[in-house]
Every structure is written in C-alpha cells, then in structure tokens.
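Thanks for making time this morning. I would like to walk through one model with you, going from single residues to helix packing and back again.

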Amino acid sequence: FKAHVLDLLAYIHLEQGATAEARNLIDLALTISTTFGDRLWVSHQQVMLGRIAAATGRFALARRHAQSALSFAQETGELFPLQESLHLLGAIELAQGRPD
C-alpha cells in the first residue's frame with residue numbers, strides 16, 4: 001500500500017499546484033510498483049504522470065502517458081485505468097480548446 005499512499009499524496013500536491021513535489025512522489029510510487037510487478041498501479045501512475053504533464057502544459061507527453069494506461073486497460077479489461085485514461089485524454093482535449 002505504500003505506492004498507493006504515495007500516489008494519493010502526489011494527487012494532493014498536484015491539486016495544490018505543487019507539480020515538482022507531485023512528480024517526486026509519483027516517481028517513488030512508480031519505482032515501488034514496478035519493482036513488485038504491480039501493473040495495475042503502474043498504469044494508474046502513468047495517468048498521474050500524465051496529469052502532472054498536462055498541468056505543466058506538456059500535452060503531448062500527457063497524451064503518451066494516458067495512451068500507455070489505456071493500452072493496459074484494453075489488454076487486461078481493467079475498468080479503473082480505462083476510466084482514468086479516458087478522463088485524462090478528455091481533459092487534455094478540453095485544455096487545448098477542443099471540446100468536441
């Protein structure tokens with residue numbers, strides 16, 4: 001659960017606008033999840049990396065992270081990363097002025 005808690009803390013920092021702190025926490029969470037082979041949380045952390053990238057205006061990078069999580073969701077049928085990746089992709093489009 002350490003990676004999950006770090007992920008939650010990263011989300012809190014991101015919501016407060018502290019993107020560097022969020023990135024540091026999510027990098028640590030990603031290292032833990034990768035080490036233990038937790039592909040589900042790796043996909044969630046890909047979404048968090050995408051959210052951080054989008055918050056700093058790096059939309060192409062954000063889209064790549066979202067696509068990575070979406071690929072995992074399509075491969076496994078997991079609804080959690082499917083929902084999160086599609087939400088992020090929609091948010092990226094809205095941020096770029098493409099509401100359609």
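**A walk through the helix contacts**

Let me begin with Q45, which is buried, with a relative accessible area of 0%. Please keep in mind throughout that what you see is a predicted model. Q45 sits in helix α3, and, if we set aside residues up to four places away in sequence, Q45 touches A3, D7, I26, A29, L30 and S33.

Two of the residues on that list, A3 and D7, take us to the contact between α1 and α3, where they appear on the α1 side together with H4, A10, Y11 and L14. On the α3 side, the residues that meet them are W41, H44, Q45, M48, R51, I52 and A55. By class, the residues of this contact of α1 with α3 divide into eight nonpolar, three polar and two charged.

How are the two helices arranged, in terms of angle and axis distance? Helix α1, residues 2–15, and helix α3, residues 39–55, pack at an angle of about 15°, with their axes 11 Å apart. Since angles under 35 degrees count as roughly parallel, that makes α1 roughly parallel to α3. The crossing in which α1 passes α3 is left-handed.

R51, also in helix α3, deserves a moment of its own. Leaving aside neighbours within four places in sequence, R51 is in contact with Y11 and L14, and also with E84 and L88. In addition, the C-alpha atoms of R51 and A66, which are 15 residues apart along the chain, are separated by 8.6 Å.

Let me turn now to the aromatic rings, of which the structure holds one pair. What is the geometry of the rings of W41 and F80? Their centres are 6.0 Å apart and their planes stand at 65°, and because planes over 60 degrees apart count as edge-to-face, the pair is edge-to-face. The pair links distant parts of the chain, with W41 in helix α3 and F80 in helix α5, residues 79–95, the two being 39 residues apart. As for accessibility, W41 is buried, with a relative accessible area of 18%, whereas F80, at 36% relative accessibility, counts as partly exposed.

Helix α5 brings us to the second helix pair I want to show. The axes of helix α4, residues 59–76, and α5 come within 8 Å and cross at roughly 155°. With angles over 145 degrees counting as roughly antiparallel, α4 and α5 are therefore roughly antiparallel to each other, and their crossing is left-handed.

Which residues of α4 and α5 meet? From α4 there are F59, A62, R63, A66, Q67, A69, L70, F72 and A73, and from α5 there are P81, L82, S85, L86, L88, L89, I92, E93 and A95. This contact of α4 with α5 has 14 nonpolar, two polar and two charged residues.

I will close with one residue of that contact, A73, which is found in helix α4. Is A73 buried or exposed? A73 is buried, with a relative accessible area of 4%. Not counting residues up to four places away in sequence, A73 touches E78, P81 and L82. Finally, the C-alpha atoms of A73 and S43, 30 residues apart along the chain, are separated by 8.1 Å.

Terms used:
Residues are numbered from 1 along each chain as its sequence is written. This is a predicted model: local features need pLDDT of at least 70, side-chain atom pairs count only at pLDDT 80 or more; totals for chains, interfaces and linings use all residues. Side-chain values use heavy atoms; hydrogens and water are left out. Axes are lines fitted to C-alpha atoms, for helices over the stretch in contact, and angles run from 0 to 180 degrees between N-to-C directions. Helices (H or I, at least four residues) and strands (E, at least two) are DSSP runs, numbered from the N terminus. Angles under 35 degrees count as roughly parallel, over 145 as roughly antiparallel, 65 to 115 as roughly perpendicular and the rest as oblique. A crossing is left-handed if the near helix is turned anticlockwise from the far one by less than a right angle, and right-handed if clockwise. Contact means heavy atoms within 4.5 Å. Ala, Val, Leu, Ile, Met, Phe, Trp, Tyr, Cys and Pro count as nonpolar, Asp, Glu, Lys and Arg as charged, and the others, Gly among them, as polar. Rings of Phe, Tyr and Trp (its six-membered ring) pair if their centres lie within 6.5 Å; planes under 30 degrees apart count as stacked, over 60 as edge-to-face and the rest as tilted. Buried means under 20% relative accessible area, exposed over 50%, partly exposed in between (1.4 Å probe, protein chains only).
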